[in-house]
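Got the viewer open? Here's a short tour with a few selections to make along the way.

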Amino acid sequence: MSNINIKPMKEPNKVINYWKKEKFAVLCIVVFGLAYNISMVRGPVYQGRLIDSIAQGSDETLRAGANFMAVIAMIQIFRYFKRFYIRRFANRTGAVMRFMIYNNIMNMKKEELDKESAGNLTTRAVSDVELCVEGMRKFTTEVFDTGVMMAAYFVYMLSYDVKLTVSSIIFVPAAMVLAEKLKTVIYRYSTDYRTKSSEVAELTYNAVENAMLYRISGIEEQNRLNYRNELDDLKTKAIQANLLENSMHPIYNAIAMMGIVTVIYFAGLKVIEGIWTIGTFSAYVAMFGDLALKASKAAKLFNSVQKSQISWNRIRTFLTDCREHDDKVWTDNDKISLVVDNLSFSYPGSKEDIIQNICFEAGQGEIVGITGPVACGKSTLGLSFLGLYPYSGSIKINGRELNCMSENERSSIISYMGHNTELMTDTIYNNITLGSTGSIHEVIMDVCFGTDMDEMPKGQDTMVGNRGVRLSGGQQSRLALARTLFNKNSIIILDDPFASVDMKTEERIILNLRTNYKDSLILIISHRLSIFEKTDKVLFMESGKETMVMNHYELLEKSPLYREIYNLQQNAGDEDEI
């Protein structure tokens, strides 16, 4: 993949453009394909001459043998280069398709991703691309290995005997017509199989991700039984999809070969009558056998192309070059300002806004707290700053509207840590860097994770387990926070980053944020009001429709609800200490 230069492509959702993109490879396929398949006819001819030479005891036997071997060697050389460039075309085309599918998935809007399943997306990016490219490869191959070769054999056989050739190949079109008639049935079975394959892939992901939940809930056995039933259904559909296609190939071959009776009878008479030699008879029979075999492969090709058409229809909407160009790249030198005016937000399909008329301003170096009662919409407010869903009102960053920015630009401005830590089954280092390089020492210290990591035998190379299962809740939270800070941008949004952290650790982390991240604007969403003593201002959401923006002490004085929540938390904290 890294050796393939993937350039923007015109109309990648049209099949023909993939052949146009690989012009050199296609040219080589045409040249060597024609050379190979036309020269293939010479094989039986020179074989026949060798047989005649041996039968006649001619002094030219050695020369005839050498000529035959030279022809076979030349044919194989042409075949090698034809196959090499066809494989090159297929590999590069598959890489381009997968690149565009992955890129489109990464750039899908959140509401679009919500409608898709991981199994379906994976099946499209892997299996469907493989089947589609395989169909394109077979089509490219058989255009020459079947179409050109059959034409070459047919023309050469006509030069031997027109009447015998025409009468012997009448069964060849019959085999091809039968395959054409069956393609609709195969299409239906293949569609059912591809759909079921996506469903089972999704079930597999769910079974792996939620294995422990199913076990402790006592439904593991039932879930296993359901999964087994789905696998049985997939197996049935796979058999239906493949059995008809594969079982018909010998039948196609048998139908196409029925003319061999005519060939042997009438060609044999020509030998008996002295019109043909044994070598001529051998060459003609070999040509007919190859032509009939290629006819059965052509029939099978119809079915392969039909299967690839199903996969093409599933992936073509993902085959667009959505790479963004000429986006403004945000730099650390840009001073940041955020102005939110009359912001309202609701999830797609919802008739009622979760938050309404949110207004506040903040700038570089500030830490802004966002809080409120349960279900007031504070996490939803944090999500609205990512631009994943449409909103009404205005969110302006340095005077530019958020929803007018590209995905690439938004991701270069905003870093976000959500409720779910979303840790990978990898090392601490890789979970923080996400493939980048550099020292993680500073962010580890900023989130107070240094002591924890020092106690681990492998330090930053410690594996965290599936979703961080080997770490405590507080360690998971701080590791996710370290990742956000390592990949920090001008705006850092932290949704409940201290939920599993004790208050003393929380205070130290807040101090580190204040000291070491003065170049960023930090929004902290939390239900703990005590931390807001150290923020510049607090956005208090009494409900999704009523908000107050002022500092912590002003809110204690002017908001009875804020004061009540604060006092309850303080009393609860005192009791915990006792």
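Start by selecting Lys196, Glu199, Glu230, Asp233 and Lys237: a network of salt bridges links these five residues. This is a predicted model, so keep that in mind as you go.

Now zoom in on one pair from that network, Asp233 and Lys196. Their closest N and O atoms sit 3.2 Å apart in a salt bridge. Color helix 8 (residues 171-209) and helix 10 (residues 220-256) and you'll see that the pair links distant parts of the chain, with Lys196 in helix 8 and Asp233 in helix 10, 37 residues apart. Is Lys196 buried or exposed? Turn on a surface to check: Lys196 is buried, at a relative accessible area of 8%. Asp233, on the other hand, counts as partly exposed, with 26% relative accessibility.

Stay on helix 10 and select Arg224 and Glu220. The two side chains meet in a salt bridge, 3.4 Å from N to O. Arg224 and Glu220 are four residues apart in helix 10, so about one helical turn separates them. Both ends of this bridge are partly exposed: Arg224 has a relative accessible area of 37%, and Glu220 comes in at 25% relative accessibility.

Next, jump to Arg92 and Glu22. Here's another salt bridge, with the closest N and O atoms 3.0 Å apart. Which parts of the chain does the pair link? Arg92 belongs to helix 4, while Glu22 lies in the loop between helix 1 (16-21) and helix 2 (23-39), and the two are 70 residues apart. Glu22 is buried, with a relative accessible area of 7%, which puts it under the 20% cut-off. If you want to hunt down the other bridges, the count for the structure comes to 14.

Last stop: empty space. Rolling a probe the size of a water molecule over the atoms shows where such space is left. A search of the whole structure turns up two cavities of 30 Å³ or more, and the largest cavity holds about 60 Å³ of space. To find the largest cavity, select its lining: Lys82, Arg83, Ile86, Arg87, Arg137 and Thr141. The elements giving two or more residues to this lining are helix 4 (61-106) and helix 6 (118-160). Helix 4 contributes the most, with four residues.

Before you leave, color the lining of the largest cavity by residue class. How many of its residues are charged? There are four charged residues, along with one polar and one nonpolar.

Note on methods:
Residues are numbered from 1 along each chain as its sequence is written. This is a predicted model: local features need pLDDT of at least 70, side-chain atom pairs count only at pLDDT 80 or more; totals for chains, interfaces and linings use all residues. Side-chain values use heavy atoms; hydrogens and water are left out. On a 1 Å grid over the protein atoms alone, a cavity is a set of points where a 1.4 Å probe fits but cannot get out, and a pocket is an open set with protein on both sides within 12 Å along at least five of seven lines; lining residues have an atom within 4 Å of a point. Grid points are joined across faces, edges and corners, and a volume is the space filled by probe spheres set on the points. Ala, Val, Leu, Ile, Met, Phe, Trp, Tyr, Cys and Pro count as nonpolar, Asp, Glu, Lys and Arg as charged, and the others, Gly among them, as polar. A salt bridge is a side-chain nitrogen of Lys or Arg within 4 Å of a carboxyl oxygen of Asp or Glu. Buried means under 20% relative accessible area, exposed over 50%, partly exposed in between (1.4 Å probe, protein chains only).
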